[in-house]
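I opened this notebook to keep track of what I looked up, one topic at a time. The structure comes before the entries.

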Amino acid sequence: MTVTETQGVPHPGEITAWGDDVDVAELVCGGVREITHDVKTFWFEPVGPQVFHFDPGQFITLHLDVDGQRLQRSYTISSPPTRPHRLAITVKRKPGGLVSNWLHDHLSVGDRVSAAPPLGAFSMVHHPARKYLFLSAGSGITPLISMTRTLVDLGSDVDVVFVHSAHSPADIIFRPELLGLPTQFPTVNVVQVCSQDSPGQEWWGWKGRLTREALREIAPDLHDREVFVCGPDGYMATVREILGELEFDLAHHHEETFTFEALPQAAFADTDPVDVGSIGADVPAGADAGTFTISMAKSGRTFPCAPDEFILDAAFRAGMSPPSSCSQGMCGTCKTVLLTGEVDMQHNGGIRPREIAAGKVLICCSRPLGDVAIDA
Ligand code: FES
């Protein structure tokens with residue numbers, strides 16, 4: 001083979017993991033597919049010779065210019081890491097959903113977007129088991145389909161019961177795939193639940209809402225399973241309640257605890273930390289016995305923070321509004337550099353080990369262990 005013939009084909013040794021050593025990298029939209037009447041899957045490819053490396057269940061954060069605003073939104077990856085050359089997000093159009101609707105209306109093949117690399121701790125890889133129960137509702141299916149596709153691609157014989165709830169048959173995301181899974185992969189059992197028929201389309205499967213009785217029937221060996229749940233808050237609360245009634249050990253229950261898109265618009269502004277008016281003028285260090293002083297190097301502001309208080313909460317209390325969204329150590333939006341001092345950080349996958357090694361912290365889940373200065 002001549003050199004000319006191999007032009008454009010990277011040597012395997014040149015292929016790196018996308019986003020491994022940067023905070024934000026470019027992606028090219030490689031495909032758009034309509035999944036239901038209000039859900040689309042968007043495929044992305046790296047710009048260079050790279051592959052995607054992530055845990056099934058993780059999300060990426062898109063940085064987009066929408067109507068003159070620079071916005072960030074996080075979307076769970078619906079494709080599996082076992083297909084590493086393309087990455088998919090599956091997005092539901094929502095009333096008032098600024099970014100999801102923009103994606104539906106504007107993002108086309110060939111468009112470039114910026115994105116932060118995959119983050120998140122909601123993944124079966126952290127909870128290996130022989131039996132799983134996946135419970136999803138609506139677009140909460142995305143992390144669980146990524147986990148299921150991963151197991152299937154790996155030829156795993158792990159036992160999966162996948163219960164997906166939708167409003168009506170027309171709203172079932174990935175319906176043909178869900179229908180086909182059990183015939184191709186006998187260890188995967190899929191149950192679809194609809195609360196009502198679609199116009200002109202009667203639903204013959206499980207009807208109504210997920211109940212204790214239904215769950216007991218669908219998964220009689222529930223207590224042997226590792227349970228992953230993703231969906232709207234009300235759905236997840238119901239599942240918690242049912243599991244409690246069935247005396248399920250919640251140490252084996254994992255849920256994606258919030259919906260990025262539902263969070264307030266201001267929370268995603270990709271700007272430097274902004275003070276809100278003159279509320280909470282600087283508080284002198286040591287103003288309150290038993291508190292530590294947090295200094296923000298860029299703005300020159302300081303504020304007190306109790307040892308049992310998260311730095312972000314203390315900043316809000318002092319009238320500041322650093323960038324943040326989930327407040328649960330998941331999304332990475334509040335990430336900043338710890339310049340001096342020490343913190344106790346209990347995150348949920350919103351920061352990577354190399355970032356921690358580089359001195360970065362998530363202030364929403366960090367309590368000060370003394371006076372602290374941050375690069376904000
Ligand atoms: S606000 Fe999401 S990680 Fe801190």
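The entries below go from the sheet to its helices, then to the aromatic rings and two loop residues.

**Entry 1, the sheet.** I noted at the outset that I was reading a predicted model. I looked up the strand order and found an open sheet of 6 strands, running β12-β11-β10-β9-β13-β14, with parallel pairing. At the edges stand β12 (206-207) and β14 (253-255), and each has a single partner strand, so one side of each is left without a neighbour in the sheet. I then followed one pairing in detail: β9 (residues 131-137) and β13 (residues 226-230) are joined in the parallel sense over 5 bridges, and Leu133 has Val227 in β13 as its bridge partner.

**Entry 2, helices across the sheet.** I asked myself which strands helix α3 lies across. Helix α3 (residues 141-153) lies across β9, β10 (159-166), β11 (188-194) and β13, and its direction makes an angle of about 145 degrees with β9. I did the same for helix α6 (residues 233-245), which lies across β9, β10, β13 and β14 and runs at about 155 degrees to β13.

**Entry 3, α3 against α4.** For a helix pair I wanted both the angle and the distance between the axes, because two packed helices are described by these. The axes of α3 and α4 (residues 175-184) come within 12 Å and cross at roughly 35 degrees, and the crossing is left-handed. On the α3 side I listed Ile141, Ile145, Thr148, Arg149 and Val152, which meet Glu177, Leu178 and Leu181 of α4. Sorted by type, the residues of this contact are 5 nonpolar, 1 polar and 2 charged.

**Entry 4, aromatic rings.** I found 6 aromatic pairs in the structure. One of them joins Phe134 and Phe162 edge-to-face, with 5.9 Å from centre to centre and 85 degrees between the planes. This pair links distant parts of the chain, since Phe134 belongs to strand β9 and Phe162 to strand β10, 28 residues apart. I checked whether these two are buried or exposed, and both Phe134 and Phe162 turned out to be buried. Ring pairs also tie Phe134 and Phe162 into a cluster with Phe122, Tyr132 and Phe228.

**Entry 5, positive phi values.** Glu247, a residue other than glycine, has a positive phi near 55 degrees, and I placed Glu247 in the loop between α6 and β14. Its relative accessibility is 67%, so Glu247 counts as exposed. Ser327 has a positive phi near 60 degrees and lies in the loop between β18 (320-321) and β19 (335-340). With a relative accessible area of 40%, Ser327 is partly exposed.

Methods:
Residues are numbered from 1 along each chain as its sequence is written. This is a predicted model: local features need pLDDT of at least 70, side-chain atom pairs count only at pLDDT 80 or more; totals for chains, interfaces and linings use all residues. Side-chain values use heavy atoms; hydrogens and water are left out. Two strands pair if DSSP finds at least two bridges between them. Helices (H or I, at least four residues) and strands (E, at least two) are DSSP runs, numbered from the N terminus. Contact means heavy atoms within 4.5 Å. Axes are lines fitted to C-alpha atoms, for helices over the stretch in contact, and angles run from 0 to 180 degrees between N-to-C directions. A crossing is left-handed if the near helix is turned anticlockwise from the far one by less than a right angle, and right-handed if clockwise. Ala, Val, Leu, Ile, Met, Phe, Trp, Tyr, Cys and Pro count as nonpolar, Asp, Glu, Lys and Arg as charged, and the others, Gly among them, as polar. Rings of Phe, Tyr and Trp (its six-membered ring) pair if their centres lie within 6.5 Å; planes under 30 degrees apart count as stacked, over 60 as edge-to-face and the rest as tilted. Buried means under 20% relative accessible area, exposed over 50%, partly exposed in between (1.4 Å probe, protein chains only).
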